[in-house]
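I opened this notebook to keep track of what I looked up, going from the overall form down to single residues. The entries follow the order in which I checked things.

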Amino acid sequence: AFVRLAFAAQLPLKTWGADLGNIRSGSVVLSCPITEPLTVAGTGIVMGGIIATLADVAAGLSIISGLDSPRPVTTVDFSFHAIAAARGERLEAIGEVRKPGRNFAIASTEVFVLSGENRRLCAILTATFAVAG
């Protein structure tokens, strides 16, 4: 329930039409339709900042999903790598906890671009989060 509340508080993602998909302990899936306002003008390619934001939220929610008690997390640092142009119908971000911790935790996200039956990796994020006490 806390993961859903934390997702609902992410107003930019709500504006973009993002959805919270599968939630498991330590793993969360987000998806977002690729629409014109999210792309670089005239290219149909999603802006890197949009992809990084989606990936960051997926990573943070994955940490929240694995906590014993509901607590917020805050991004301390992240490394984002665009691998391929994100042009298609939807983005899918799969966040997973890599190293849980009481005060700090590490998570990563793989972001895929979906187009018809095709699914292609377009970005990777690794992040450190402060876990509220």
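Entry 1, overall form. I began with the radius of gyration of the protein, which is 14 Å, and this agrees with the value near 14 Å that a compact globule of 133 residues would have. I note here that I am working with a predicted model. I then looked up the extent of the C-alpha trace, which spans about 45 × 25 × 25 Å along the principal axes of the protein.

Entry 2, secondary structure. I counted three helices and six strands in the protein, and reading along the sequence I wrote down the order as α-α-β-β-α-β-β-β-β.

Entry 3, burial and contacts. I found that buried residues make up 42% of the 133 residues, while the accessible surface of the protein comes to about 6,900 Å², with 56% of it belonging to carbon and sulfur atoms. For the contacts between residues at least 6 apart in sequence, I noted that 64% join residues at least 24 apart.

Entry 4, cysteines. I asked how many disulfides a search of the whole structure finds, and the search returned zero. Why is there no bond from Cys-32 to the closest cysteine sulfur? The closest sulfur is that of Cys-122, and because it lies 11 Å away, it is too far for a bond; a disulfide would need the two sulfur atoms within 2.5 Å. Looking from the other side, I found that the closest cysteine sulfur to Cys-122 is in Cys-32, again at 11 Å and too far for a bond. I also looked up their accessibility: Cys-32 counts as buried at 1% relative accessibility, and Cys-122 counts as buried at 1% as well.

Entry 5, rings and charges. My search for aromatic pairs gave zero in the structure. I did find a charge over a ring, since the charged end of Arg-119 sits over the ring of Phe-112, at 3.7 Å from its centre.

Entry 6, Thr-128. I placed Thr-128 in strand β6, which covers residues 118–131. Is Thr-128 buried or partly exposed? Its relative accessible area is 25%, so I recorded Thr-128 as partly exposed, given that buried means under 20%. Leaving aside neighbours within four places in sequence, I listed its contacts as Thr-74, Thr-75, Val-76, Asp-77, Phe-104, Ala-105 and Ile-106. For one of these, Ala-105, I also looked up the separation from Thr-128, which is 23 residues in sequence and 5.7 Å in space, C-alpha to C-alpha.

Methods: Residues numbered from 1 in each chain as written. Predicted model: local features only at pLDDT ≥ 70, side-chain atom pairs only at ≥ 80, totals over all residues. Heavy atoms only, no water. Buried < 20%, exposed > 50% of the residue type's maximum accessible area, 1.4 Å probe, protein only. Phe/Tyr/Trp six-rings, centres within 6.5 Å; stacked < 30°, edge-to-face > 60°. Lys NZ or Arg CZ within 6 Å of the ring centre and 35° of its normal. Helix = DSSP H or I, 4+ residues; strand = E, 2+ residues; numbered from the N terminus. Rg over C-alpha atoms; globule rule 2.2 N^0.38 Å. Contact = heavy atoms within 4.5 Å. Areas by Shrake-Rupley, 256 points an atom, 1.4 Å probe, with all protein chains shown as cover.
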